[in-house]
Amino acid sequence: MAAKAGASPATYSPSPATYKKNRPPIFTDVDWVRPDGRDFHQCRPAFLRTGAVNAASGSAYAEFGNTKVMVSIFGPRESKKAMVYSDIGRLNCNVSYTTFATPVRGQASDNKDKDISSQLHKSLEGAIMLDTFPKTTVDVFALVLESGGCDLPVVISCASLALADAGIMMYDLVAAVSVSCLGKNLVIDPISEEENYQDGGLMITCLPSRNEVTQLTITGEWSTPKVHEAMELCLDACSKLGKIMRSCLKESASTSQE
Amino acid sequence: METFTRFLLLICFCRHTIYINGIRFPSFEGGTYPPTDRPHLLLSVCLILNTLRRTDYLRLRFSPHIVDIVCALASGRWSLSVSPLSSHSQSSVVGCVGSVLLVVLEKGIDHIANPNSSFRLGVRFCPFLTGDISGYIHYRMVGLSVGEKHFIQGGIAQDLRTDGRKRLTYRPIFVETGVIAQANGSARVKMGRTEVIASVKAELGRPSSSAPDKGKVSIYIDCSPTAAPQFEGRGGEELSMELSAALRQCLLGGKSGAGAGINLSSLSIVDGKVCWDLYIDGLVISMDGNVLDALGAAIKAALSNTGIPKVNVASAASSDEQPEVDVSDEEFLQFDTTAVPVIITLTKIGRHYIVDATSEEESQMSSAVSVSINRQGLICGLTKRGGAGLDPSVILDMISVAKHVSEQLMDKLDSEIAAAEAMEEES
Amino acid sequence: MEYVSPEGLRLDGRRPMEMRQLRAEIGAVSGADGSAIFEMGNTKVIAAVYGPREVQHRSQLNNDKALIRCEYTMANFSTGDRTRKPKGDRRSTEISLVIRQTMEACILTHLMPRSQIDIFVQVLQADGGTRSACINAATLALADAGIPMRDLVTSCSSGYLNSTPLLDLNYVEDSAGGPDVTVGILPKLDKVTLLQMDAKLPMDIFENVMQLATEGCKAVANYIREVLIQNTKQLENRHADQLSLSLFRKLLLYGFCSWRIIKFLEKDVEEET
């Protein structure tokens, strides 16, 4: 503080005591304000655009608060020769983090990438009509430009938008939302700070207009009523997110027609 | 013989004799059965082959007139290859089997065979064979035939599965502890034909800077090629990773540590300096469905078998130095495993869900939900596999069913673990 | 370091010419065509055999004999210090090759042309002599799979420490750096199929050490034969009945068979087991 108050500091020196890793007390109390000032049940403003990458057959960019994600779709292309014959299409998902995505450079590990990639695959495969493109492969490449919490749900939603942009047949758009459980409270669409101190997390990916859940993951300790509550909260948010995604697609279609 | 991929060829002859592993099989001797008006015979021959172990070999005595060959059934289930015993040439056996198939083709395959299977035959055909021809017939499972699929699905709808279980019955669970002498704790768990080994090793390490008062736990699963030939080389890596991730999610709890099966604070020795690193390694030895539940059970058993050496910290050194730690060889602290949850996988087939699915049943699933539930009935983790979407109300129903099943499983597992440990102490 | 005490006892209390406790179990992996667990003291390996089956890669197909493949893997927890090794390191590739060549020598490959036999060995605990234990386990697994063989192959190691020939080295003795002779024999034909040694030994002593290992192999062969005979006896009694029993159970489900037959067969099986 002293440095700030004084005139321009001549040298830069980091203060050693600023990094407190202990859980901030606010998260345990009943009344606390989220770091970005949202209500517990309020999502971050979403910004979605399709067609971010020209070379891809379909692409989308999503920005939820600080989380920024870009997804490009390539294909359907012929499956590699080595693969066995398959009468349904294949989905190949790959998620990577930029080195500057996390506060500490290059922190996101390779293992985490693979884990997220397989989760993305599981969430999308139920929504895509794989039988419409036999013997072929669709590549989904997702790049997390900045990780600000809720990376996986944002990647999934953005990927489904990109798939729609690429004209891949789907039963419905896939919307994904997660909630964190912090003490007694359920917090929707958590930022990374909240995610780091969460007691539990729940993520739902669903097809909003079919009311179908394609993926559900729960970590941490949950009682059944709490799971009910969290699921309701998520499903509600998913249907809203689905509408936003739909309008984004409509918009891009109308502009391209003009 | 390479052309016989994806075929089941069942051969039943007039005045035929079937030997299985050299033992004459009594119930199928004599009689002429035209294939079309006696469908049950086809079924019974099909069943003979289903009851065989894969190592069994059939010795078939081919009768002199091929016209007498009654039936052969082709479906997607078995692949078959024939190789001769010493005295006969390859071509004659292949020719013989080929002619059997041709007869079937002439007699109208649509009555008996899977309509979707296509026939690709490129065998040398020898029309008349005389004498006995014996051969090893190798066959292996490559998929389920349409009939079997219906059988499994229909059975589940009627609450009677192919092995006689009900929908929510587990296969018998067998637990053995202390199988790996070099580890701090280990267990081998068998559920039917699924078999896994879990071992726990504790090593001294440094706690991470973000959680100085806690130890670390890591879970790694390996799929041994003994379980299935496709795990050879790097083939098992994908499944290993998926299982490891699912187990981490189900057993290690949330970021703050709530719902963790293992209390990480109990692994701390000196705050910020020394802690125990717990390495949990799982190995899948034999696989017949429901591997995740078996691994969860094995890890629980291994943890309750684990003794962590007692540690004496020599005099509190100054805050910068690494304190000296003396690990005792004799005194061990028992690990508290009451909080370790059990994992229950509900596999949805048709409109119903079942526990402890075999691999045959798993091949028919639309989706599967794995829930980990602890003693208090709280959910500690959940993952879903399989592409098909589920209605939210179905998921909630599955959770409540899993909760109900978990109580029985937990009791059964606890008693099995206790029995295994008693056995170990005796020996 | 003293590996043999003045009283003639080794570090683990054995005599120089004493083998560790052997234990074998047939049929540990139910999904495989043949499988076995083999233990030599604390060394514990599991072997599974798949095949004979179709050749997976056409380029490897042999028109006149079967293709034998082998893979050796070590579990993460098998050694004292826990390590995560990448698959297919040099050591396991070498051992895979040794096991493959040894087994190839005894399998009657010409009887199963154009087919493939896979042998997978998995080390659960390593305490010296994994090579020998793997070969012994593979022999049992091949026998369980019903694959025609000339003879059993059995293997045992021996070493020379403190001027004493020692049979069946454990890990501590193995890592002492002395000579280590691994021998594999076909006991009935009395032929050697595998002989490996590192370090150097005078000719006359080598003969002694090898003789000792050969004796060890024969002891293992006796044990393995006993296990196989036991196993076959059990199979003989049970298998035919159980086959028909499970068949009739399934028939019952379809309604083609009556309960009486099942009850009758069940009684039969129970009496025999």
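In the predicted model, the hairpin formed by β16(B) and β17(B) has two residues between its strands, and B:G350 adopts a positive phi near 65° there. The two arms of this hairpin, β16(B) and strand β17 (residues 352-355) of chain B, run antiparallel and are joined by four bridges. Within this pairing, B:L346 stands opposite B:V355 of β17(B). A further partner of β16(B) is strand β18 (residues 367-373) of chain B, with which it pairs in the antiparallel sense over seven bridges. B:L346 takes part here as well, with B:V369 as its bridge partner in β18(B). Strands of a sheet pair through backbone hydrogen bonds, either parallel or antiparallel.

The surroundings of strand β16 (residues 342-349) of chain B are consistent along its length: eight of its eight residues are buried, so the strand is largely enclosed by the rest of the structure. Cover is present on both faces of β16(B). B:V342, B:I344, B:L346 and B:K348 are buried on one side, and B:I343, B:T345, B:T347 and B:I349 are buried on the other.

Chain B also contains a packed pair of helices. Two packed helices are described by the angle between their axes and the distance between the axes. For helix α5 (residues 291-304) and helix α7 (residues 392-426) of chain B, the angle is about 45° and the axes lie 10 Å apart. This angle makes α5(B) oblique to α7(B), because it falls in neither the roughly parallel, the roughly perpendicular nor the roughly antiparallel range. The crossing of α5(B) and α7(B) is right-handed. On the α5(B) side the contact is made by B:A297, B:K300, B:A301 and B:S304, and on the α7(B) side by B:L413, B:I417 and B:A420. Divided by class, the contact of α5(B) with α7(B) comprises five nonpolar residues, one polar residue and one charged residue.

Chain B further meets chain A, with 35 residues of chain A in contact with 29 residues of chain B. On the side of chain A that touches chain B, at least two residues each come from α2 (110-125), α4 (192-196), β8 (200-207), β9 (212-222) and α5 (224-257) of chain A. The element that gives the most to this side is β9(A), with eleven residues. By class, the side of chain A that touches chain B has nine nonpolar, 15 polar and eleven charged residues. Strand pairing also links the two chains: β9(A) and strand β19 (residues 379-385) of chain B run antiparallel and are joined by three bridges. One of the residues involved is A:W222, whose bridge partner in β19(B) is B:I379.

Chain C has five helices and nine strands. From the N terminus on, its elements follow the order β-β-β-β-α-β-α-β-β-α-β-β-α-α. Of the 273 residues in chain C, 45% are buried. Among contacts in chain C between residues at least 6 apart in sequence, 69% join residues at least 24 apart.

Five strands of chain C form an open sheet of mixed pairing, in the order β1-β2-β3-β5-β4. The edges are occupied by β1 (22-26) and β4 (67-74) of chain C; each has a single partner strand, so one side of each is left without a neighbour in the sheet. On average, and with direction ignored, neighbouring strands of this sheet are turned by 15° against each other. The partner of β4(C) considered here is strand β5 (residues 115-125) of chain C, and the two pair in the parallel sense over eight bridges. In this pairing, C:Y72 has C:V121 of β5(C) as its bridge partner.

Two helices of chain C lie across strands of this sheet. Helix α1 (residues 90-106) of chain C lies across β4 and β5 of chain C and runs at about 140° to β4(C). Helix α2 (residues 130-144) of chain C lies across β1, β2 (34-40), β3 (43-54), β4 and β5 of chain C, at about 150° to β2(C). These helices also pack on each other: the angle between α1(C) and α2(C) is about 45°, and their axes are 10 Å apart. That angle makes α1(C) oblique to α2(C). The crossing of α1(C) and α2(C) is right-handed. In this contact, C:I95, C:V98, C:I99, C:T102 and C:M103 of α1(C) meet C:R131, C:C134, C:I135, C:A138 and C:L142 of α2(C). The residues of the contact of α1(C) with α2(C) divide into eight nonpolar, one polar and one charged.

How values were computed. Residues are numbered from 1 along each chain as its sequence is written. Chains are lettered from A and ligands numbered from 1 in the order in which they are written. This is a predicted model: local features need pLDDT of at least 70, side-chain atom pairs count only at pLDDT 80 or more; totals for chains, interfaces and linings use all residues. A residue is buried if 20 or more other C-beta atoms lie within 10 Å of its own, exposed if 12 or fewer, and partly exposed in between; C-beta atoms are placed from the backbone. Two residues are in contact if their C-beta atoms, placed from the backbone, lie within 7 Å. Ala, Val, Leu, Ile, Met, Phe, Trp, Tyr, Cys and Pro count as nonpolar, Asp, Glu, Lys and Arg as charged, and the others, Gly among them, as polar. Two strands pair if DSSP finds at least two bridges between them. Axes are lines fitted to C-alpha atoms, for helices over the stretch in contact, and angles run from 0 to 180 degrees between N-to-C directions. Angles under 35 degrees count as roughly parallel, over 145 as roughly antiparallel, 65 to 115 as roughly perpendicular and the rest as oblique. A crossing is left-handed if the near helix is turned anticlockwise from the far one by less than a right angle, and right-handed if clockwise.
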